[in-house]
Amino acid sequence: MISFSVMAVVFGVVFLAELPDKTALAGLVLGTRYRASYVFVGVAAAFVVHVVLAVAAGSVLTLLPQQLLHALTGVLFLGGAAVLLLKGGEDEEDVREPKDQSFWKVSGAGFMLILVAEFGDLTQIMTANLAARYDDPLSVGLGAVLALWAVAGLGIVGGKALMKRVPLALITKVAALLMLGLGVWSLYEAIA
């Protein structure tokens with residue numbers, strides 16, 4: 001059964017953490033060069049692969065004793081908050097243009113770009129952490145995939161407009177505060 005509250009928390013945390021990431025920028029670059037729907041299909045498929053791997057890793061973490069699990073997830077959330085607050089601006093990634101504009105070439109380029117760029121990324125680690133925290137792989141997986149798809153869609157279709165209206169620094173700080181809160185709460189649960 002799907003927990004909409006878990007899905008909503010995961011969506012919010014992953015969405016805010018992914019917005020300032022290179023993925024939105026890569027999607028924007030690809031979306032300006034190629035047909036947006038082709039780009040989105042490739043990017044979306046790559047995110048499904050990443051979330052499945054992250055949820056599987058997080059599900060393994062649930063085998064740990066509860067106190068240790070809460071302490072570990074608390075430390076990981078605090079580390080994620082620190083990474084968001086301390087990292088500098090992301091530079092535009094070099095994007096190789098496919099020779100033609102066919103569906104398979106464009107979606108394949110989007111898939112490979114995200115598959116490589118996002119492997120071991122902060123949001124993949126956070127998704128594993130959230131899967132361990134909530135022990136609800138389906139709700140966590142759906143929340144994470146929908147958040148990543150939303151960021152990719154925004155990046156592909158309207159990244160420039162969004163970044164003009166909402167400062168990247170604000171998005172980063174809100175995501176860091178959410179992770180900080182989750183980290184403190186997890187550590188509290190480990191002690192209590």
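Buried means under 20% relative accessible area, exposed over 50%, and partly exposed in between. The exercises below apply to a predicted model.

**Exercise 1. Overall composition**

Task: State how many helices and strands the protein has, and what share of its residues count as buried.

Solution. The protein holds 8 helices and 0 strands. Read from the N terminus, the order of elements is accordingly α-α-α-α-α-α-α-α. Of its 192 residues, 45% count as buried.

**Exercise 2. Aspartate 135**

Task: Locate aspartate 135, classify its accessibility as buried, partly exposed or exposed, and describe the sign of its phi.

Solution. Step one is the position: aspartate 135 sits in the loop between α6 and α7. Step two is the accessibility: the relative value is 54%, and the cut-off for exposed is over 50%, so aspartate 135 counts as exposed. Step three is the backbone: phi of aspartate 135 is near 50°, a positive value in a residue other than glycine. For context, most residues other than glycine have a negative phi.

**Exercise 3. Two helix pairs**

Task: Classify the relative orientation of α3 and α6, and then that of α1 and α6.

Solution. Two packed helices are described by the angle between their axes and the distance between the axes. For helix α3 (residues 36–61) and helix α6 (residues 122–134), the axes come within 7 Å and cross at roughly 40°. This angle belongs to neither the roughly parallel range, under 35 degrees, nor the roughly perpendicular range, 65 to 115. The pair α3 and α6 is therefore oblique. The crossing of α3 past α6 is right-handed.

For α1 and α6, the packing angle is about 160° and the axes are 10 Å apart. Angles over 145 degrees count as roughly antiparallel, so α1 and α6 are roughly antiparallel to each other. Here too the handedness is defined: α1 passes α6 in a right-handed crossing.

**Exercise 4. A nonpolar surface patch**

Task: Identify which residues make the nonpolar surface patch and which elements give two or more residues to it.

Solution. The patch covers about 520 Å² and is made by Ile2, Phe4, Phe11, Leu138, Leu142 and Leu146. Two or more residues come from each of α1 (4–18) and α7 (137–165). The largest share, 3 residues, is that of α7.

Two members may be examined in turn. Isoleucine 2 belongs to the segment before α1; its relative accessibility is 33%, so isoleucine 2 counts as partly exposed. Leucine 138 lies in helix α7 and, at a relative accessible area of 48%, is also partly exposed. Leucine 138 further has methionine 1 at 8.0 Å, C-alpha to C-alpha, although 137 residues separate them in sequence.

**Exercise 5. Buried residues and distant partners**

Task: For histidine 70 and proline 20, derive the accessibility class and give the C-alpha distance to arginine 133 and to proline 167, respectively.

Solution. Histidine 70 is part of helix α4 (residues 66–86). Its relative accessible area is 12%, so histidine 70 is buried. Arginine 133 is 63 residues away from histidine 70 in sequence, yet the C-alpha to C-alpha separation is 7.1 Å.

Proline 20 is placed in the loop between α1 and α2 (22–33). With 6% relative accessibility, proline 20 counts as buried. Proline 20 and proline 167 are 147 residues apart in sequence, and their C-alpha atoms are 9.7 Å apart in space.

How values were computed. Residues numbered from 1 in each chain as written. Predicted model: local features only at pLDDT ≥ 70, side-chain atom pairs only at ≥ 80, totals over all residues. Heavy atoms only, no water. Patch = residues over 30% accessible without salt bridge, like charges linked within 9 Å, V, L, I, M, F, W, Y side chains within 5 Å. Areas by Shrake-Rupley, 256 points an atom, 1.4 Å probe, with all protein chains shown as cover. Salt bridge = Lys/Arg side-chain N within 4 Å of Asp/Glu carboxyl O. Helix = DSSP H or I, 4+ residues; strand = E, 2+ residues; numbered from the N terminus. Buried < 20%, exposed > 50% of the residue type's maximum accessible area, 1.4 Å probe, protein only. Axes fitted to C-alpha atoms, helices over the stretch in contact; angles between N-to-C directions. Left-handed = near helix turned anticlockwise from the far one by under 90°.
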